[in-house]
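Me: Please take a close look at one part of this protein, the place where a helix packs on a sheet, and then work outwards from there to whatever else can be said with care. I would like one connected account rather than a list.

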Amino acid sequence: MKLRYDRREFMGLAAASAAGILMRPLLVESRTVAAARTLQGADADLVVFNAKVHTMDSGAPRAEAFAIHAGRFIAVGSTAEIKGLIGKRTQTLDAKQMTIVPGFIDCHNHAGGTTLLYEVLVGNPFEVEFVTIASIVEKLRAKARQTPRGFWVEGYFHDDTKLKDKRPLNVHDLDQVSTEHPVVVRHRGGHTSFYHSKALELARVNKDTPDPPGGTFDRDANGQLNGRVTDRARNVFNGVGQRPSFTAEQRDRRERDGLAHISKQFVRYGLTSVHHEGGDLAALQEVRARGNLHHRVSYEVSGRVLDSMISSGIMTGFGDEWIKLGATSEHTVDGSFSERTMALSIPYPGVQPPYKGNVTETQEELNAWVERVHRAGIQVNCHANGDVAIDMYLTAFERAQKSFPRADARPKITHCTLINNDLVRRMKALGAVPAMFTTYAYYNSDKFPFYGEELMKRCMAFRTLLDAGIHAAAGSDFSPGPFAPLMGIQGMVTRTGWDGTTWGANQRITVDEAIKVNTINGAYASREESLKGSITAGKLADFVVLADDPHTVRQEKIKDIQIVRTVVGGATVYQA
Ligand SMILES: [Zn+2]
């Protein structure tokens, strides 16, 4: 055995010797651990045994037990073998035949804890729940009563297909909230908002206002504004009405409280790593320093932070195991799947006049942005839902790679919803990593009729992409989608929604594949596959204990499996 080897070789060694693990678990100790033992005579910190472990390590997919030291798995194997590592100071956990999988990884999340904590929520962020338009109006009226005149009254987490009324929210409903405040209800998808008459009037929008590029002011059958405004048309509201201002201290506190709050929610659902779309980087570090960050963060940058990374030569991968600079945050190329504004090559079925969705950037702008980021050694990430937008992004990346070739660049495609064979071939050639909607198959089945079965066969195409050898990963897109990984896994396996309808059954994947999408493939997306994503000696000890095995429960019950315990770096961060 070589005495020195680099990390990549070491992980290869771990995988290669996995078959022999049952006999000689100590062989796969990391060098750090081996050194710690010699220096301190250290025992394992924690030994978990009598479990059904699905490791997601293809070299040794099943195990019964593992040992942890200094936050990492040091040995994985049978109960009898691993129990041999129990020393005087070792804590033990008898899993009583419960199932253990690696900690779940969500590769696209707007981890907006402040909205959850401080704003009016007119829909359920986490689960399928139907509400009435009257309840939305009532919540906003209550908010208006506490809000000074002229200030915005805003509702969040609206879902247009989760209304008991079975008709869309409109301008007249919202006119009942207040005549003294601008009023808006934001769709949880983030691409459409619903305004009342006063807000439209303040923004000088009337029925004759033309649609700007990349957005629409929607109208009813009589040509009158119905209050729904899509994508970039919403920009006219930015300078309208008053919004609360906070002192720097108040703002910092809100950010910290929001992050601490959402971190608790993540681990409650078994997430141990989350890719954050921006958010306050300083607050994130503060929350960690105070011991309130329970999950690991791949921080995805935009704006000022991206500019300063480029100007100071900081690349993707900077940081540590808890907070690391990841890809950029999603650079938006088109509209939304759930709100039916994504850019399609054919018109939306049944929509008149014919509508193909919104492209929100020109090819030239996109080329320039992609090239600038790629040259700087930062992992590029674009939001591309429709086939038109994915094509534009791949075109921009192919061009950037030609001018500035970078091996293993892993361009990230956020959503990557509607694919075709040509796009898949080009993705494979570029080594692209898609982070696709997870919970939609279950949560948003009520929106699939807008696309129809023919398109749904090519939407959220996990089967096609895995078969092509592409590392498809999970991207809940919270707040647009709930983030519960088990709800996502159930949807990937069944393609059946909450309403019992099944769409694009050709894209079903197995339970094991769906767990991989939510673990090791997520680690790959952030270039951390040698650090996490499977229960493998040498990797970070992030795992989830489940009350039932998703492989054996009835598939429509996967989402209801109880998360018994979530462990990050060997420490329990959630316990039922
Ligand atoms: Zn997003």
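Reply: In this predicted model, helix α9 lies across β15, β16 and β17, and its direction runs at about 150° to that of β17. The helix spans residues 281-289, and within it Ala283, Leu284 and Val287 are buried. These three residues cover an arc of only 105° around the axis, which puts them on the same side of α9. The spacing fits a general rule: an α-helix has 3.6 residues a turn, so residues three or four places apart point the same way. The buried residues of α9 pack against the strands β15 (271-277), β16 (296-301) and β17 (323-328), and also against another helix, α8 (248-268).

Both ends of α9 can be described a little further. At the N-terminal end, Asp280 acts as a cap, with a side-chain oxygen that lies 2.9 Å from the backbone nitrogen of Ala282. Just after the helix, Gly291 takes a positive phi of about 80°.

The strands under α9 belong to an open sheet of four strands, which follow the order β8-β15-β16-β17 with parallel pairing. Its edges are formed by β8 (104-109) and β17, and because each of these has a single partner strand, one side of each is left without a neighbour in the sheet. Neighbouring strands of this sheet are turned by 20° against each other on average, direction ignored. Between β8 and β15 the parallel pairing extends over four bridges, and Asn109 stands opposite His276 in β15. As a general point, strands of a sheet pair through backbone hydrogen bonds, either parallel or antiparallel.

The antiparallel arrangement can be seen in another sheet, where four strands form an open arrangement in the order β5-β4-β1-β6 and the pairing is mixed. Here β5 (72-77) and β6 (91-94) stand at the edges, and since each has a single partner strand, one side of each is left without a neighbour in the sheet. The twist from one strand to the next averages 15°. Strands β1 (residues 46-49) and β4 (residues 65-69) run antiparallel and are joined by three bridges, and Val48 stands opposite Phe66 in β4.

A strand residue that can be followed through its surroundings is His158, whose place is in strand β10 (residues 153-158). His158 is buried, with a relative accessible area of 1%. Leaving aside residues up to four places away in sequence, His158 touches Val122, Ile136, Leu163, Leu169, Val185, Arg186, His187, Arg188 and Phe194.

Charged side chains add a further set of links. In general, side chains of opposite charge can pair when their charged atoms come close. With a limit of 4 Å between a side-chain nitrogen of Lys or Arg and a carboxyl oxygen of Asp or Glu, the count comes to 37 salt bridges. One of these joins the side chains of Glu398 and Arg426, at 2.8 Å from N to O. The pair links distant parts of the chain, for Glu398 is in helix α12 (residues 387-403) and Arg426 is in helix α13 (residues 421-430), 28 residues apart. The two partners can be set side by side: Glu398 is partly exposed, with a relative accessible area of 28%, whereas Arg426 is buried, with a relative accessible area of 10%.

Arg410 and Glu529 form another salt bridge, in which the closest N and O atoms are 2.9 Å apart. Arg410 lies in the loop between α12 and β20 (412-415), while Glu529 lies in the loop between α19 (520-525) and β23 (543-546), so the pair ties together parts that are 119 residues apart in sequence. Of these partners, Arg410 is buried at a relative accessible area of 4%, and Glu529 is partly exposed at 23%.

The side chains of Lys532 and Glu528 also meet in a salt bridge, at 3.4 Å from N to O. Lys532 counts as buried at 5% relative accessibility, and Glu528 is buried too, with a relative accessible area of 5%. Elsewhere, salt bridges that share partners join Asp391, Glu398, Asp422, Arg425 and Arg426 into one network.

Key. Residues are numbered from 1 along each chain as its sequence is written. This is a predicted model: local features need pLDDT of at least 70, side-chain atom pairs count only at pLDDT 80 or more; totals for chains, interfaces and linings use all residues. Side-chain values use heavy atoms; hydrogens and water are left out. Two strands pair if DSSP finds at least two bridges between them. Helices (H or I, at least four residues) and strands (E, at least two) are DSSP runs, numbered from the N terminus. Axes are lines fitted to C-alpha atoms, for helices over the stretch in contact, and angles run from 0 to 180 degrees between N-to-C directions. Buried means under 20% relative accessible area, exposed over 50%, partly exposed in between (1.4 Å probe, protein chains only). The arc is that of the directions from the helix axis to the C-beta atoms. Contact means heavy atoms within 4.5 Å. A polar contact is a pair of N or O atoms within 3.5 Å; within protein, one must be able to donate a hydrogen and the other to accept it, and residues adjacent in sequence count only if both atoms are side-chain atoms.
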